[in-house]
Amino acid sequence: MSGGRPPRLPRPRRRPPAPRQDGAPRTVFRLTGSGRRAAKLTGRLRGMGRLGVMGRLRFTGRFRTPKLFKADGHTPKLRTVKLRKLRTRTRMVLALATLLALVCTLLLDGYLHAEVGNDARVYRSHASRTVPDRLRKGGPVITFDRKGKATEHAIPSKTIALTFDDGPDPRWTPEILDVLRRHKVRGTFFVLGQMVVRHPELVRRMRAAGHEVGVHTFSHVDLSYQDKGRMDRELAQSQLALAGAAGITSSLFRAPYASKVRALDDRTWPVQQHIGSKGYISAFVDTDSEDWQRPPVKEIVQNATPEKKKGASVLFHDAGGNRARTVTALGLYIERMQKKGYSFTTVTGALGAHSANHPAHTLPIWEGRALIWAAAFTHSALPALMALLGLVGFSVIGRLLLMVVLAWWHRRSRERRRWSRVQEVTDPVSVIVPAYNEKECIANTLKSLSASTHPIEILVVDDGSTDGTADIAEAMGLPNVRVLRQANAGKPAALNRGIAHASHELIVMMDGDTVFEPTTIRELVRPFADSRVGAVAGNAKVGNRGKLIGAWQHIEYVMGFNLDRRMYDLLRCMPTIPGAIGAFRRRALLEAGA
């Protein structure tokens with residue numbers, strides 16, 4: 001495709017348009033672009049893709065987009081190069097922006113559902129030589145001062161700090177909140193950032209009921225396998241989610257897969273030190289209900305009961321699976337412990353400290369809201385995209401099956417019709433060959449045409465070639481060959497000029513790199529024995545199929561074009577005529593654009 005401003009087309013000598021019957025002058029518009037739109041614009045044209053015509057096809061892509069030209073040779077007013085470039089860039093930007101939005105949507109949805117960037121490794125055990133013994137034997141809450149010194153804190157006797165991990169879950173968290181509301185008990189929820197983004201209304205409900213909210217990372221990864229950068233991102237993203245959901249931040253933290261403080265070892269202790277240096281309070285557990293294993297309700301209650309009259313930080317789960325037994329056991333557990341004189345509170349409430357939840361600043365709130373809105377859009381858009389993808393896939397498969405069936409039917413019906421019985425067409429034909437820099441192919445093309453068994457004239461329209469294509473055509477000295485030269489104006493203009501100089505009613509258009517067999521034109525124009533036929537679609541095939549690229553081109557052309565044309569021919573609705581091998585009535589072309 002040539003660049004720069006298109007030159008003004010020369011005005012060729014051409015026949016005046018036929019006068020109308022009423023004597024009024026006729027203005028004729030001629031359709032361009034290899035004549036591909038002719039059968040589409042006139043209901044009278046019936047494509048006849050019934051021929052087994054052999055040809056050599058090679059895609060070059062050197063011609064401009066088809067346009068509409070007047071028959072008198074004048075072109076409409078063309079847009080400036082600047083405007084065309086702007087439109088092209090705008091389309092590219094919109095396409096890239098749409099693609100980027102789709103990729104971001106898929107990545108965000110995958111990240112929020114732990115399908116992208118998830119690390120499922122879980123650390124089991126290690127030596128504990130670097131962990132102070134007083135911490136491993138102390139209470140379930142650890143704080144760090146500015147110098148990094150750790151202090152353990154125990155839950156007072158006959159006090160229970162109910163904690164819930166892995167939520168919020170739209171199915172089970174509301175039921176647990178209802179149980180706590182009925183018993184007028186407050187708890188501490190260690191939430192996952194990705195769950196907060198997906199269900200922010202549940203965090204707002206927690207805060208409205210007076211519950212405490214802690215951080216349980218964003219994606220529930222084992223931090224002992226992560227570097228400090230990943231740890232910081234997990235914390236920051238979780239805080240962003242809390243800010244957007246409820247306008248709060250939290251200084252309370254529980255690491256995924258953490259249990260009792262005596263499980264601290266040389267691998268997990270550095271994680272706690274790093275978290276503590278960020279100002280977080282690390283919360284462990286004294287008693288684990290082990291509800292994640294889904295034992296019987298009585299066993300859950302028994303597991304959660306502290307020894308003697310000791311206070312305890314008790315672990316339950318409000319997400320991560322079926323928590324129906326947890327919901328049932330929680331109500332029984334609260335009633336049982338209240339009868340024993342226990343009181344229930346939050347983690348910081350048990351220590352007599354201020355709440356770990358603080359108001360967030362304005363910027364993080366809006367950033368968090370933007371994240372939540374994006375997640376909501378993703379949640380709504382993906383089902384629609386999946387449905388659309390399914391519809392497209394179903395349509396493609398259905399169309400393929402329809403094409404195969406109709407192509408088989410077309411082949412059988414063609415064999416029954418036997419074209420040998422059709423009247424032979426002996427009218428001479430004008431063959432138009434638009435050429436742009438085809439010095440390597442033009443000689444073979446013209447030699448194949450000169451061997452035709454049908455009477456033809458050959459019009460080579462050189463569209464401003466710079467490689468001597470026209471000189472080669474003239475130097476061959478073949479009979480019935482005329483070479484027309486013009487400044488580069490694109491393939492449509494070249495075809496229009498060829499039509500204007502054609503001497504015969506039947507016109508065949510071909511590419512400058514296509515090779516015809518001697519009988520191609522005779523077979524191609526045979527359907528014109530039927531006066532109702534206005535255009536014929538030939539069956540072009542890739543000739544150099546012995547090599548890999550040629551074989552793939554052959555498969556593409558057969559599957560992408562020829563099967564379609566068999567179907568269209570059977571349905572009597574041929575939409576396009578191939579530029580590599582197509583035949584037209586001159587009258588039909590004129591009437592299609594009249």
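This report covers aromatic contacts and a nonpolar surface patch in a predicted model.

**Aromatic pairs**

The structure contains eight aromatic pairs. One of them joins Phe253 and Tyr280 in an edge-to-face arrangement, with 6.2 Å centre to centre and 65° between the planes. The angle counts as edge-to-face because the cut-off is over 60 degrees. Phe253 belongs to strand β9 (residues 252-253), while Tyr280 sits in the loop between α8 (269-277) and β10 (281-283), so the pair ties together parts 27 residues apart in sequence.

Are the two partners buried or exposed? Phe253 has 0% relative accessibility and counts as buried. Tyr280, at 10% relative accessibility, counts as buried too. Both labels follow because buried means under 20% relative accessible area.

Aromatic residues also group together. Phe164, Phe189, Phe316, Tyr333 and Phe344 make up one aromatic cluster.

**Charges over rings**

Two arginines place their charged ends over tryptophan rings.

| Charged residue | Ring | Distance to ring centre |
|---|---|---|
| Arg171 | Trp172 | 4.0 Å |
| Arg369 | Trp366 | 4.7 Å |

**Nonpolar surface patch**

A nonpolar patch of about 590 Å² lies on the surface. Its residues are Leu102, Leu106, Leu385, Leu388, Leu391, Val392 and Val396. Helices α2 (81-112) and α12 (362-417) each contribute at least two residues to the patch. Which of these helices gives the largest share? It is α12, with five residues. Leu391 is one of the patch residues, and Leu391 lies in helix α12.

Note on methods:
Residues numbered from 1 in each chain as written. Predicted model: local features only at pLDDT ≥ 70, side-chain atom pairs only at ≥ 80, totals over all residues. Heavy atoms only, no water. Phe/Tyr/Trp six-rings, centres within 6.5 Å; stacked < 30°, edge-to-face > 60°. Helix = DSSP H or I, 4+ residues; strand = E, 2+ residues; numbered from the N terminus. Buried < 20%, exposed > 50% of the residue type's maximum accessible area, 1.4 Å probe, protein only. Lys NZ or Arg CZ within 6 Å of the ring centre and 35° of its normal. Patch = residues over 30% accessible without salt bridge, like charges linked within 9 Å, V, L, I, M, F, W, Y side chains within 5 Å. Areas by Shrake-Rupley, 256 points an atom, 1.4 Å probe, with all protein chains shown as cover. Salt bridge = Lys/Arg side-chain N within 4 Å of Asp/Glu carboxyl O.
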